[in-house]
Amino acid sequence: MTDAGRRPRVAVIGAGPGGYPAAFRAADLGFDVTLIDPEANPGGACLYRGCIPSKTLLHVAALLDESERAADWGVRFQRPEVDLDALRGWKDRVIARMTAGLGQLVRARNVRFVRGRARFADAHTLHVDTGDGADPAPIAFDYAVVATGSQPAAPPGLAADGARVMDSTSALALADVPSSLLVVGGGYIGLELGSVFAALGSRVTLVEMASGLLPGADRDLVRPLAQRLAGAFEEILLNTRVQTLRVEDDGVRVRLAGARLDDPARTFDRVLTAVGRRPTSDGLDLDKAGVECDARGFVQVDAQRRTTAPHIFAVGDVAGEPMLAHKATHEAHTAAAAMAGQPAVYEPHAVPAVVFTDPEIAWCGLTETQARDQRIPHQVARFPWAASGRATTLGRTDGLSKLVLEPRTDRVLGVGITGAGAGELIAEGVLAVEMGARAEDLRLSMHPHPTTSETLMEAAEVLYGASAHFLTNARR
Ligand code: FAD
Ligand code: NAD
C-alpha cells in the first residue's frame, strides 16, 4: 500500500512474453496493474508473428518430410497435397486460441488492458495513442515495465516490402508458396522459415555472410542439420552477402558477393530477409522518464532489470540479448518480485536455446566454443545417436548429445544436443546446470528406455568409460 492507502500502480508497456507475465505476476503480488499493447489481446511477437505461428508451420513441415521418409519403412503415402488456405486457417486458429486465453487471464486477474501505443510524458505518467483519434486519460504509475520487444532489422538495401521481399512477419502470413526463395541469413529465422518453405515446395537458396550456419553454435551440433539442409535446400552459400537487390514485376533480381560463386546474378520469386532483430526502444520518449539506452538501442538494466530510472524496469528483447521468449518471461518475474521488495535477481547459468529445425539443435550453459575461446578449463563427453536404440527406431540416428564439464569435479557446465526432439531434452540439461549437477548425477539417475533422453545419461557414462553402447572414454 502507498502512503495514500491505495495499492501501488504498475503500468506495463507491451504484452508479449515479457509484458504479460510481468503484469500477471505483479497483479498476483497485489499491485494495481495496467497492461498496454496495440493488439486486442496479449501475445506480442511470440504469439502473433514469432514462436507460435512458426512452430505450427514447422510441425506441418516435419509431417510432410516424415511422410516421404516413411517409404524407407515400407509405408508409402501418395504425394501430400497442401491446402494453403486451410493451413493458414489452422495457424491463425492456433494464434487466436492462445491469445484469447491470455485475454481471459487478463480479466480473471483484474488487470486493466488498454489497447494502444504508450509513450512516457514524464517519469510517472504515460500517454496512450489508441490509433482511433481518441485521447484517453494519461496513465499515472508508481512503477513501470518497458516490454516493447523487437522488430526485424532492415539493413539498407534489404528492407522488406512485404510482397516480394519479406521479413518473418510477412513470410508467416503465408500469402503463397514462392516457386523460388532466397533466404538472407542462416540464423534461427532463416533456418526455421527456410525449412518451412522448402517443405511446402519452394526451391530455397540460403546465403549466410559467416563461414557457417548458426554462427556461435558449436560446429558439431550444427553439422547434422547442415547435412540435412544440403539435401532439402537448393543451395547454401556461406561467406556470401547480397550486394544489390531489385524488385521487378516477374521477380527479384539479386547480385550476390561471395567467396565461391559461379553466377553472382540470380532471380528469385521472393526473398526472405532474416538478418537479426533490433530493440523497439524508439518512439517511447524514454528520455522524458530518465531511461537510458545503449548504443544499439537496448534499454540499460541492472541485475533486477531496473533501468537508469530505478522505479522503471525493462524486460525481454528490448532489454538485451538473447532475444528469446523464455528469457523475457524469466526477467519479467524477476522485475515483479523486485518491485514487491523481494530479493530477486536475474542471473541464470543456463538460458536454453532451441532451433526448431529438423533435426533440432539445442544448447544451454557454457558451449564448447565459448569454453575454448575464453580458455575455460573443460572436458567434453559426447554420445552419438547412432548408438541410441530409440534414435534407431525413429530412423533418426543423425544426432549427438554432449556434456561440457568442469575437470576434476565433473560438474555439468553446459549441454548441447542435436537430434529429433532436442528442444524437449534440453530441459534436463538446464536443470543439471542450474542445480550444479555432476556427470555422476546424470549417470546414476535412471532414464526411461527406450528414449532419446538416455543419450544424456550415456554421455555421462562415456566420461567414466562405462557406456554400454559406445566404446569411448572421454578421459583418454
Ligand atoms: P514482444 O513479444 O515483441 O512483445 C512486445 C509487445 O510490445 C508487442 O506486442 C508490441 O506490439 C508491443 N509494443 C511495442 N511498442 C509499444 C508501445 N509503445 N506501447 C505499447 N505496446 C508496445 N523465441 C523463443 O524463445 N522461441 C522461439 O521458438 C521463437 N521463435 C521466433 C520466431 C520468429 C519468427 C520470431 C520473429 C521470433 C521468435 N522468437 C522465439 C523470439 C521471441 O518472439 C521474442 O524473444 C519474444 O517475443 C520477446 O518477448 P517480448 O515480450 O520482449 O517482446
Ligand atoms: P540471427 O541473429 O539468429 O541470425 C542472423 C544471421 O544473419 C546471422 O547468421 C548473420 O551472420 C546473418 N547475416 C547478417 N547480415 C547478413 C547479410 N547482410 N547477409 C547474409 N547474412 C547475414 O537473427 P534472426 O534469424 O533474424 O532471428 C532474430 C532473433 O529472433 C534470433 O537471434 C533469436 O533471438 C530470435 N528467434 C528465436 C527463435 C527460436 O528460439 N527458435 C526462432 C526465431 C527467432
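## Ligand 2 and its polar contacts

In this predicted model, an N or O atom in the side chain of E192 sits 2.8 Å from a nitrogen atom of ligand 2. The backbone takes part too: a polar backbone atom of I189 is 2.8 Å from an oxygen atom of ligand 2, and a backbone N or O atom of Y188 lies 3.2 Å from an oxygen atom of the ligand. On its own, ligand 2 would expose 840 Å², and the protein buries 80% of that area.

## The shell around ligand 2

Let's widen the view to the surroundings. Ligand 2 has 22 residues around it, and those that come nearest are E192, E208, G276, M323 and V354. Sorted by class, the shell holds twelve nonpolar, five polar and five charged residues.

Which elements give two or more residues to this shell? They are α6, spanning 188–200, and β13, spanning 240–248. Helix α6 makes the largest contribution, with three residues. Seen by domain, at least three residues of the shell come from domain 1 (9–151 + 279–339), and at least three from domain 2 (165–275).

## Ligand 1 and its polar contacts

Now to the other ligand. A backbone N or O atom of A118 lies 2.9 Å from a nitrogen atom of ligand 1. An N or O atom in the side chain of R117 is 3.3 Å from a nitrogen atom of ligand 1, while a polar backbone atom of C46 is 3.4 Å from an oxygen atom of the ligand. Ligand 1 has 1000 Å² of accessible area on its own, of which the protein covers 93%.

## The shell around ligand 1

How many residues surround ligand 1? There are 38, and the closest are G18, D37, K55, D317 and A325. By class, 18 of the shell residues are nonpolar, 14 are polar and six are charged.

Several elements each supply at least two residues here: the strands β2 (32–37) and β4, together with the helices α2 (44–49), α3 (51–69), α5 (168–172) and α8 (325–339). The largest share, four residues, belongs to α2. Domain 1 (9–151 + 279–339) and domain 2 (165–275) both contribute to the shell, so ligand 1 lies between them.

## The disulfide at C46

C46, whose backbone makes a polar contact with ligand 1, is also half of a disulfide. Its partner is C51, with an S to S distance of 2.3 Å. A search of the whole structure finds one disulfide. The link of C46 and C51 is left-handed, with -125° about the S-S bond. As a reminder, a disulfide is a covalent bond between the sulfur atoms of two cysteines.

## A sheet of three strands

Strand β4, one of the elements that supply the shell around ligand 1, also belongs to an open sheet. This sheet has three strands in the order β4-β5-β6, and the pairing is antiparallel. Why do β4 (117–122) and β6 (139–140) each have one side without a neighbour in the sheet? Both stand at the edges with a single partner strand, so one side of each is left free of a neighbour there.

In general, strands of a sheet pair through backbone hydrogen bonds, either parallel or antiparallel. Here, β5 (residues 125–129) pairs with β6 in the antiparallel sense over two bridges. If you would like to trace this pairing on the structure, look for T125, whose bridge partner in β6 is A140.

Conventions. Residues numbered from 1 in each chain as written. Chains lettered and ligands numbered in written order. Predicted model: local features only at pLDDT ≥ 70, side-chain atom pairs only at ≥ 80, totals over all residues. Heavy atoms only, no water. Pairing = 2+ DSSP bridges. Near = heavy atom within 4 Å. Polar contact = N/O pair within 3.5 Å; in protein donor to acceptor, adjacent residues only side chain to side chain. Areas by Shrake-Rupley, 256 points an atom, 1.4 Å probe, with all protein chains shown as cover. Nonpolar A, V, L, I, M, F, W, Y, C, P; charged D, E, K, R; others polar. Domains from an automatic or database assignment. Disulfide = S-S within 2.5 Å.
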